[in-house]
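Please find below my notes on the metal sites and the ligand pocket, set out as numbered points. They are meant to be read with the coordinates open.

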Amino acid sequence: AKEAGRARMTLYDPAMDADRGERNALELDLRMAIEGGDLQIAYQPLIDAATHEMTGVEALVRWNRPGHGPVSPEVFIPIAETSGLIEALGLFVLRKACETAKQWPELRISVNVSPGQFRNPAFADYVRYVLKQTEIEAKRVTLEVTEGYMIQNPQRTRQAIERLKALGVKVALDDFGSGFSSIGYLRQFGFDRIKIDRSLVMDILESDRQREMLQATVALARSLDIPVTAEGIETEEQAIAVRLFGCDTLQGYFFGRPMPADQITERLMQARA
Ligand code: C2E
Ligand code: CA
Ligand code: CA
Ligand code: CA
């Protein structure tokens, strides 16, 4: 049976060729977009749970692929990761987001970091370089990292986080609760914040089990004195509930979708008026 399976796999499959061709085309277009600076950044408000004021924004990369329309970062980030493009992409986003955030002195700026960037021993050096170049205050910058890479390389992760924190930037653990999150990591890596994944927040009003999971997760983080952001807040009820459970920062469509920089500026002007 095993032999037969192997034989079948080597049979010519035109659909697979087409997939590969499309992937190569996408990769080429992405490479050109990065080199040409044709990526955009959308900014999503981060909201103080107590006052509902906007206190920061998360930078989210956007790509409008010529002839195809918008492509989700969930599609092109993994491709950038496996084709050596992630560092250039990440550097572009970090620089652009820091530059843009300079006009918003009252806001913090969060930027996502891929494992492929984080793995590079020179990562902290280029963060330092961008901070210097853009003259943004380091403490206003938060780098959001996911746990996938950490579990495989705890030693290196700890070093990378230490070097970043030495620059004065904050480091947040993103998508917490979506994988095999271990609370042990929270303590040993010294995260400044955790962000609870949308999948944990989604059903808290419908499901007792989900609500208890969320409550337990937040309580654990708080017992380590780590502040918690809740992602994916889509309703006022969810906003009220997660605040009650101890989240100090809220993010989600209820407060604002990711939007162009101009709209963030407008919101700030309205808030000041
Ligand atoms: P993420 O870092 O967890 O970002 C949050 C995602 O949830 C964003 O999707 C955002 O638009 C979406 N979101 C926010 N609020 C809500 C809500 O209330 N409901 C729902 N249904 N969704 C909400 P987006 O922009 O499509 O990004 C997807 C993922 O792609 C991000 O997840 C992040 O992992 C990655 N990504 C985005 N931009 C970058 C980047 O510049 N660099 C890297 N390395 N990854 C990025
Ligand atoms: Ca994020
Ligand atoms: Ca997230
Ligand atoms: Ca996510």
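The points below take the conventions, then the ions, then ligand 1, and finally some backbone details.

1. This is a predicted model, in which local features need pLDDT of at least 70 and side-chain atom pairs count only at pLDDT 80 or more, while totals for chains, interfaces and linings use all residues. Residues are numbered from 1 along each chain as its sequence is written, chains are lettered from A and ligands numbered from 1 in the order in which they are written, and side-chain values use heavy atoms, with hydrogens and water left out.

2. The calcium ion (ligand 3) has as its donors Asp174 (OD), Asp175 (OD), Glu231 (OE) and Glu231 (OE), at 2.0 to 2.7 Å. Donors are here N, O and S atoms within 2.8 Å of the metal (3.2 Å for Na, K and Ca), and since water is not among the atoms, sites may look incomplete. Along the sequence, the donor residues of this ion, ligand 3, follow the spacing D-D-x55-E.

3. Two aspartates link the ions. Asp174 bridges the calcium ion (ligand 3) and the calcium ion (ligand 2), which are 3.8 Å apart, whereas Asp175 coordinates both the calcium ion (ligand 3) and the calcium ion (ligand 4), with 3.7 Å between these ions. For the calcium ion (ligand 4), the protein donors are Asp175 (OD) and Asp175 (OD), lying 2.9 to 3.2 Å from the ion.

4. Asp174 counts as buried at 6% relative accessibility, and Asp175 is partly exposed at 26%. The classes are buried under 20% relative accessible area, exposed over 50%, and partly exposed in between, with a 1.4 Å probe and protein chains only.

5. Ligand 1 sits in the largest pocket. A pocket is defined on a 1 Å grid over the protein atoms alone, as an open set of points with protein on both sides within 12 Å along at least five of seven lines, and a molecule sits in it if more than half of its atoms lie within 2 Å of its grid points. The elements giving two or more residues to the shell around ligand 1 are strand S2 (54–65), helix H3 (73–82) and strand S6 (170–176), and S2 gives the most, with four residues. Helices (H or I, at least four residues) and strands (E, at least two) are DSSP runs, numbered from the N terminus.

6. Among the polar pairs of ligand 1, an oxygen atom is 2.8 Å from a backbone N or O atom of Tyr253, another pair places an oxygen atom of ligand 1 at 3.2 Å from a side-chain N or O atom of Asp175, and a nitrogen atom of ligand 1 is 3.1 Å from a polar backbone atom of Val61. The protein covers 85% of the 810 Å² of accessible area (Shrake-Rupley method, 1.4 Å probe) that ligand 1 has on its own.

7. Lys195, in strand S7 (residues 193–196), is buried with a relative accessible area of 2%. Its side chain makes a polar contact of 2.8 Å (a pair of N or O atoms within 3.5 Å, one able to donate a hydrogen and the other to accept it) with the side chain of Glu58.

8. Two backbone angles deserve a look. Asp175, found in strand S6, has a positive phi of about 55 degrees although it is not a glycine. His52, in the loop between strand S1 (40–48) and S2, has a positive phi near 60 degrees and is partly exposed at 41% relative accessibility. Most residues other than glycine have a negative phi.

How values were computed. On a 1 Å grid over the protein atoms alone, a cavity is a set of points where a 1.4 Å probe fits but cannot get out, and a pocket is an open set with protein on both sides within 12 Å along at least five of seven lines; lining residues have an atom within 4 Å of a point.
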